[in-house]
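Biologist: I'd like to go through this model with you and ask what each label rests on. Could you show me the sequence and the structure before we start?

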Amino acid sequence: MEHTINMGGSNSELKQLLRDYFDLTKPGIGFYSLITTFASFWLASHHDLNYLLLLQTLIGTSLVTAGGGALNQVIEINLDAKMHRTERRPLPAGRISERAGLIFGVAASVIGSLYLLLFVNGLSSLLAVATLVGYLFIYTPMKRTSSLATVVGAFPGAVPILIGWAAVMGTIDIRGWTLFAILFLWQIPHFLAIAWMYRKDYERAGLPMLTVIEPEGISAAHQSIVYLVALLPISLLPTKLFLTGKFYFIGALVLGIYYLVMAVRVIFKRTNASAKNLLIASILYLPALLGLMILDTL
């Protein structure tokens with residue numbers, strides 16, 4: 001064992017390397033991808049849960065998400081190096097080489113997509129590929145040229161919830177698209193809150209975020225409210241579509257009002273503190289909403 005450690009580096013170095021590769025996957029995004037995939041799989045199963053298929057769906061989705069996160073960081077290595085929030089990421093900090101990050105990202109993406117094709121179904125695999133294409137080849141380069149990238153990026157960001165649905169149903173109906181719409185609308189205020197809090201970083205990197213173009217934050221605050229006003233009634237549709245019951249309906253209404261109130265507060269007090277409160281509300285909202293869906297169908 002000692003010989004192995006000497007040849008491969010110290011135990012602490014190995015732990016750091018594993019931690020760096022874990023960070024390369026963007027685990028925060030991965031977590032939300034998995035919980036949304038799990039929730040939609042659960043809802044589509046109607047009390048007839050195929051545990052093996054669920055595991056296979058989550059494995060494939062996690063690999064694709066990890067690969068996309070890594071490739072995004074490879075593409076944006078120079079931008080990440082310019083921002084305080086991201087300059088210590090493994091690639092710009094030099095702890096993982098750009099070539100190693102590229103190999104890891106491509107391998108995870110390809111293996112994940114093929115895994116879904118072989119062990120889940122073709123539609124789930126196609127959706128995974130669409131997520132990668134939208135995220136890497138549309139959203140990521142668009143961030144350099146337009147503030148609309150935030151909205152465009154919400155489309156591939158919402159696709160994982162369709163993967164879980166398609167894994168069970170083999171198709172996507174109005175119920176699946178409703179779940180997609182909820183996830184899509186949830187993302188905009190979430191990312192606008194981040195854009196406000198780190199607007200100086202984005203400006204330093206030359207990214208035309210809405211909060212950079214209009215640094216007073218009025219437009220960002222108004223857009224957050226518009227999307228949340230749309231989210232509130234759509235988040236209630238699962239009950240109308242008989243996916244959930246009244247327990248979810250009431251809980252979703254309360255959560256939606258809470259999320260909206262946090263956004264309204266930003267209009268009157270455009271500070272990092274109010275934006276952070278909106279961000280926290282968004283982080284709490286989605287797991288709570290998905291949890292209510294699951295609890296209401298037990």
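Modeller: Sure, and keep in mind that this is a predicted model. One term before we begin: a residue is buried if its relative accessible area is under 20%, and exposed if over 50%. By that cut-off, P160, I161, L162, I163, G164, W165, A166 and A167 in α9 are buried.

Biologist: What makes helix α9 mostly covered?

Modeller: The count does: α9 runs over residues 160-169, and eight of its ten residues are buried. Those buried residues pack against α3, α4, α7, α8 and α10. Right after the helix comes G170, with a positive phi near 75 degrees.

Biologist: Then L34. Why is L34 called partly exposed?

Modeller: Its relative accessibility is 29%. Partly exposed is the range between under 20% and over 50%, so 29% puts L34 there. L34 sits in helix α3, residues 27-45.

Biologist: Which residues does L34 touch, leaving out those up to four places away in sequence?

Modeller: L58, T61 and S62. A contact needs heavy atoms within 4.5 Å. As for A167, it is 133 residues from L34 in sequence, with the two C-alpha atoms 13 Å apart.

Biologist: How do you know that the chain is as compact as a globular protein of its length?

Modeller: First, the make-up: the chain has 16 helices and zero strands. Its radius of gyration is 20 Å, close to the 19 Å that the globule rule gives for 298 residues, so the chain counts as compact as a globular protein of that length. The C-alpha trace spans about 60 × 50 × 35 Å along its principal axes, and 51% of the 298 residues are buried.

Biologist: What share of the contacts with a separation of 6 or more joins residues 24 or more positions apart?

Modeller: That would be 72%.

Biologist: And what makes a set of residues a nonpolar core?

Modeller: The members have to be buried, of the listed nonpolar types, and joined through side-chain atoms within 4.5 Å. The largest such core holds 80 residues, and W186, L231, Y259, L289 and M293 touch the most other members. Helix α10 gives the largest share of this core, 14 residues. Apart from it lies another core of six residues, including L24, I77, L91 and I96.

Biologist: What does Y259 contact, if we skip neighbours within four places in sequence?

Modeller: Quite a list: W186, P189, H190, L228, L231, L278, A281, S282 and Y285.

Biologist: Now the empty space. Why is one space called a pocket and another a cavity?

Modeller: A pocket is open, whereas a probe that fits in a cavity cannot get out, so the way out decides the name. The largest pocket has a volume of about 1100 Å³. It is lined by 46 residues, and K26, I29, Y135, Y139 and F191 are the closest to its centre. By class, the lining has 25 nonpolar, 15 polar and six charged residues. Helix α10 supplies the largest share, seven residues.

Biologist: How many cavities of 30 Å³ or more are there?

Modeller: One, in a search of the whole structure. The largest cavity has a volume of about 80 Å³. Among the residues that line it are L192, W196, S224, R270 and L278. Helices α10, α13 and α16 each give two or more residues to that lining, which has eight nonpolar, two polar and one charged residues.

How values were computed: Residues are numbered from 1 along each chain as its sequence is written. This is a predicted model: local features need pLDDT of at least 70, side-chain atom pairs count only at pLDDT 80 or more; totals for chains, interfaces and linings use all residues. Side-chain values use heavy atoms; hydrogens and water are left out. Helices (H or I, at least four residues) and strands (E, at least two) are DSSP runs, numbered from the N terminus. Buried means under 20% relative accessible area, exposed over 50%, partly exposed in between (1.4 Å probe, protein chains only). On a 1 Å grid over the protein atoms alone, a cavity is a set of points where a 1.4 Å probe fits but cannot get out, and a pocket is an open set with protein on both sides within 12 Å along at least five of seven lines; lining residues have an atom within 4 Å of a point. Grid points are joined across faces, edges and corners, and a volume is the space filled by probe spheres set on the points. Ala, Val, Leu, Ile, Met, Phe, Trp, Tyr, Cys and Pro count as nonpolar, Asp, Glu, Lys and Arg as charged, and the others, Gly among them, as polar. The radius of gyration is taken over C-alpha atoms; the globule rule is 2.2 Å times the number of residues to the power 0.38.
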